[in-house]
2 protein chains.
Amino acid sequence: MKLMLIGFGVVGQGLVEILHDKKETLEAQHGFSPQVVGVATGSRGFLYNAKGLSLSTLLDVGRGSLADYPDEEGLERDFSDASDLIQGRGADVLVEISPTNIDTAMPATKHFQMAIATKKHIVTANKGPVAVGFSQLMQQAKDAGVHIRYEATLMAGTPAINIGTEALAGSGIKAVRGIVNGTTNYILTQMEAGLAYEDALKKAQELGYAETDPTADVEGLDAAAKVLIMMGAFFGKDASLKELDVTGITGISAADIAEAKEAGERYKLIAEATVTGGRVMPMRLPLSDPLAQVSSATNALTFSTELMGDVTVIGAGAGQKETGFALLSDLLALHRTITTR
Amino acid sequence: MKLMLIGFGVVGQGLVEILHDKKETLEAQHGFSPQVVGVATGSRGFLYNAKGLSLSTLLDVGRGSLADYPDEEGLERDFSDASDLIQGRGADVLVEISPTNIDTAMPATKHFQMAIATKKHIVTANKGPVAVGFSQLMQQAKDAGVHIRYEATLMAGTPAINIGTEALAGSGIKAVRGIVNGTTNYILTQMEAGLAYEDALKKAQELGYAETDPTADVEGLDAAAKVLIMMGAFFGKDASLKELDVTGITGISAADIAEAKEAGERYKLIAEATVTGGRVMPMRLPLSDPLAQVSSATNALTFSTELMGDVTVIGAGAGQKETGFALLSDLLALHRTITTR
C-alpha cells in the first residue's frame, strides 16, 4: 500500500513514527507493509519517490524543510502545490492531514476531490471536509469506488466513528452524545476539585491542553465541529455550525459546580447529535451516568440505540500518537478490505 | 446472502425477529437483504428451501416443532442431522447457534469444519469452538478463504471482539480486563446496596439474571470461558480452563464489601487476559477506575494498549435482541467485505 501524505505536522510525524517503530509487528501480525511515496507541505516543500521514501530520514527532517531530505534515486521535489502532486503521481491512499479549516474546509475538500478523481482511497484527520459538505463527498467517493475513512476526526484513535458506522450499524442509533473536548473536561474536573475557572484554564494551558486563545474550546466550537461530524457519520445529515445551539463552559461558576455536587451531579460539556439535529451544552449529569465519571482530558461517547440500549466508549481524545494510531487503524481497515477482495 | 441457522432457540429467534422487523431499514441503509434458507435443530426438525424460508412463519413456529412450518414449493425437511444439512445444501453463511458445550465444543466444532470444507462463512454465538481449540479452526478457515466472526460470544452485541481485533488492531494490546458476567455484577451491586449474598442471588434468579443452579456464574466459570475467548481473539493463544486461576464471588462477605466501600473502593469480578495468560478474580477497584462504575447486569471491558492507553467499552452483555444484534453486526461486516470485493 503506497501512501501520499498531504501535510506533515505533528499528526503526520506521529503516523510515520508508528509505521517506522511498528514495522515488524505490522508486517508479521497484519501482513501490512505500507510505503510512504509522497509528502506535501504548505511551505516546507514536496517529496515523491515511487519506490518509497525512507521513514527514518523523514523523521530526522521532522518539522524542518523537506529540502533537508537528501537526494536519492527516483526522488522528485518539483511540484507546484499539493494538487499537482495528487493529480500527477500515483498512490493507493491519500492521507489528508493538512491544517483544518472548519469554515470552508479548503483546500482539503479540493484534495479529496482530486484523490477521488484519481482513484486514491482517503484516510484523514482533517475535520474540515468531514464537518462541511461531507455527504456530497461521500457520494462522489462511493460512485468512484473510493473509500473515505476518518476515525481520527473524532476522539483520535479511540474507536468512535468505526463503532457508529460499522460495529453498531443496524442497531438503530437514536442519539450520540458525549464528551468530545478534553480541554473543557479538564477545566470542569479541576473546578470540581476547587479551582476557579481562570486558574483551571491557566493550568490547562500550562499542560498544553488549552491554547493561548482558548475560545474554540471553552466556547464549545471545537465540540460543535465534532457534532457536525457525528451528524454526518451516524445520521447522514449535513449541517452548518450556524444551525447548532452551542453553549460553552464560560458561564459556569464555582457556585454552579458546588450546587451540582451537592445534588450528587456533575457538570459536563455534552456534544449531542440526533437524527433531527445537534447541540453543545453544559449538562448536569447524575453520577450513575457513565459520562459523569469521565474526568480530566479523557473523552467518551454514548450511543443510544434501539437494539442495544446504551453503549459507551471511553478513551483518549487527542495526542500525537493517539491521532497517528487513528490513521493507522483506518489504513489497516483499508488493508483488510483490499486483501479480502 | 443466504443464511443457514444451526440452532433455533432464543438467540436464533432473536436474529430472525430482527431480520424480519428491520427488513426495510437493512435494505435501504445497508443494501442488505439476507435470506434464511436452512434451519437445523437438535430435536425439533429441519427445514431447507433454496428460495428462502418465510421469516414470519419461522417466528410463528418459534419454540415449537419445525413440523409446524407448512409445506411450500421447494421445501425440504428430510435431513438426518445438522451435518447432513450443512454438507448437502448450499448457503453463504453458517450461523452456528447450537447449545454451547464449553468442555468439548462439540458438535459445534464439527459444524465449523463442515462449513469450512463447503466454503461457507461462519457467524456464531457459540462459545465452545471459540474457547476450545480456536487457533486451529481459524487457520483452517483462513486457508480456505472462509471468514469466522464471533462478536456474540463476548458481551453480546456490545462491540468487544471487533474493537480488539479490528478497531484497535495495531495499537499493541497488552491486557484486556473487564466485567463479562452480568449475574455476578448484579449480585455484587445488590450486596453493596446492603443485601446479603443469598438475598442478592435470589433477586437475580427472580429477574432471570441467574439460573436455578448458579454455579457457572458465581464460581467464575462463565467468566473464565470468556477469558479463553479473549486470549484467542486478542492474543492468538489457545488455553484450557484448567490453566486459568479462577475465583468466583462466593467467598466475598458483606463485611468485605463494607470494608472496600469505606476505603473508597468497590469489588468487581474481573476477567483478565494478557499475552501470558488469563485469570478470573474478585478485585477491589478504586472508584476512579471506569470498571468500578459499571453497575447491575451491565458489562464492560478495558483494553490496555501501547499507543492508545486505556480504551473502555460499556454495554449490555446478554439478552435475546442484544445477542441477535451481535449476529446481525457480524453479518453486516461480512456483507461489507463481500460487496467491496
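**Figure 1. A salt bridge links the two chains.** The side chains of B:Lys22 and A:Glu306 come together here in a salt bridge, with 2.4 Å from N to O. Keep in mind as you look around that this is a predicted model. How many salt bridges are there between chain B and chain A? The count is 2. Polar contacts also cross between the chains: 7 residue pairs take part, with both residues at pLDDT 80 or more.

**Figure 2. Chain B offers helices and a strand to chain A.** Which elements give two or more residues to the side of chain B that touches chain A? They are helix H2 (23-30), helix H8 (161-167), strand E12 (309-315) and helix H14 (320-339) of chain B. H14(B) gives the most, with 8 residues. If you sort the residues on this side of chain B by character, you get 17 nonpolar, 13 polar and 8 charged.

**Figure 3. The contact between the chains, seen as an area.** Chain B brings 38 residues to the contact, and chain A brings 38 residues as well. Together the two chains bury about 3100 Å², and 65% of that lies on carbon and sulfur atoms. Three residues to pick out are B:Leu307, B:Met308 and B:Phe325. They supply 20% of the area that chain B buries against chain A, more than any other three residues.

**Figure 4. Two strands pair across the chain boundary.** Strand E12 (residues 309-315) of chain A is joined to E12(B) by 3 bridges. Do these strands run parallel or antiparallel? They run antiparallel. To find your place in the pairing, start at A:Thr312, whose bridge partner in E12(B) is B:Ile314.

**Figure 5. A cis peptide bond in each chain.** In chain A, the peptide bond that joins A:Met106 and A:Pro107 is cis, with omega about 0°. A:Pro107 sits in the loop between strand E4 (93-96) and helix H5 (108-117) of chain A. Now turn to chain B, where a cis peptide bond joins B:Met106 and B:Pro107, again with omega about 0°. The loop that holds B:Pro107 lies between strand E4 (93-96) and helix H5 (108-117) of chain B.

**Figure 6. An alanine with a positive phi.** A:Ala156 has phi near 45°, a positive value in a residue other than glycine. Look for A:Ala156 in the loop between strand E6 (148-149) and helix H8 (161-167) of chain A. Is A:Ala156 buried or exposed? Its relative accessibility is 2%, so A:Ala156 counts as buried, because buried means under 20%. In chain B, phi of B:Ala156 is also positive and near 45°. B:Ala156 lies in the loop between strand E6 (148-149) and H8 of chain B, and with a relative accessible area of 2% this residue is buried too.

**Figure 7. A strand of chain A with a partner on either pairing.** Strand E2 (residues 35-40) of chain A has 5 of its 6 residues buried, so the rest of the structure largely encloses it. Strand E1 (residues 2-6) of chain A pairs with E2(A) in the parallel sense over 5 bridges, and here A:Leu3 stands opposite A:Val36. E2(A) also pairs with strand E3 (residues 46-48) of chain A, this time in the antiparallel sense over 3 bridges. In that pairing, A:Ala40 stands opposite A:Phe46. The hairpin of E2(A) and E3(A) has 5 residues between the strands, and A:Gly45 takes a positive phi near 100° there.

**Figure 8. A mostly covered helix in chain B.** How many of the 10 residues of H5(B) are buried? The number is 7, which leaves the helix mostly covered. The buried residues are B:Ala108, B:Thr109, B:His111, B:Phe112, B:Met114, B:Ala115 and B:Ile116. As you read through them, it helps to remember that an α-helix has 3.6 residues a turn, so residues three or four places apart point the same way. After H5(B) comes B:Lys119, which has a positive phi near 60°.

**Figure 9. A buried threonine and its contacts.** A:Thr183 belongs to helix H9 (residues 182-192) of chain A. With 8% relative accessibility, A:Thr183 counts as buried. Which residues does A:Thr183 contact, leaving aside its neighbours within four places in sequence? They are A:Tyr209, A:Ala210 and A:Asp217.

Methods. Residues numbered from 1 in each chain as written. Chains lettered and ligands numbered in written order. Predicted model: local features only at pLDDT ≥ 70, side-chain atom pairs only at ≥ 80, totals over all residues. Heavy atoms only, no water. Contact = heavy atoms within 4.5 Å. Buried area = accessible area lost by both parts, 1.4 Å probe. Salt bridge = Lys/Arg side-chain N within 4 Å of Asp/Glu carboxyl O. Polar contact = N/O pair within 3.5 Å; in protein donor to acceptor, adjacent residues only side chain to side chain. Helix = DSSP H or I, 4+ residues; strand = E, 2+ residues; numbered from the N terminus. Nonpolar A, V, L, I, M, F, W, Y, C, P; charged D, E, K, R; others polar. Pairing = 2+ DSSP bridges. Buried < 20%, exposed > 50% of the residue type's maximum accessible area, 1.4 Å probe, protein only.
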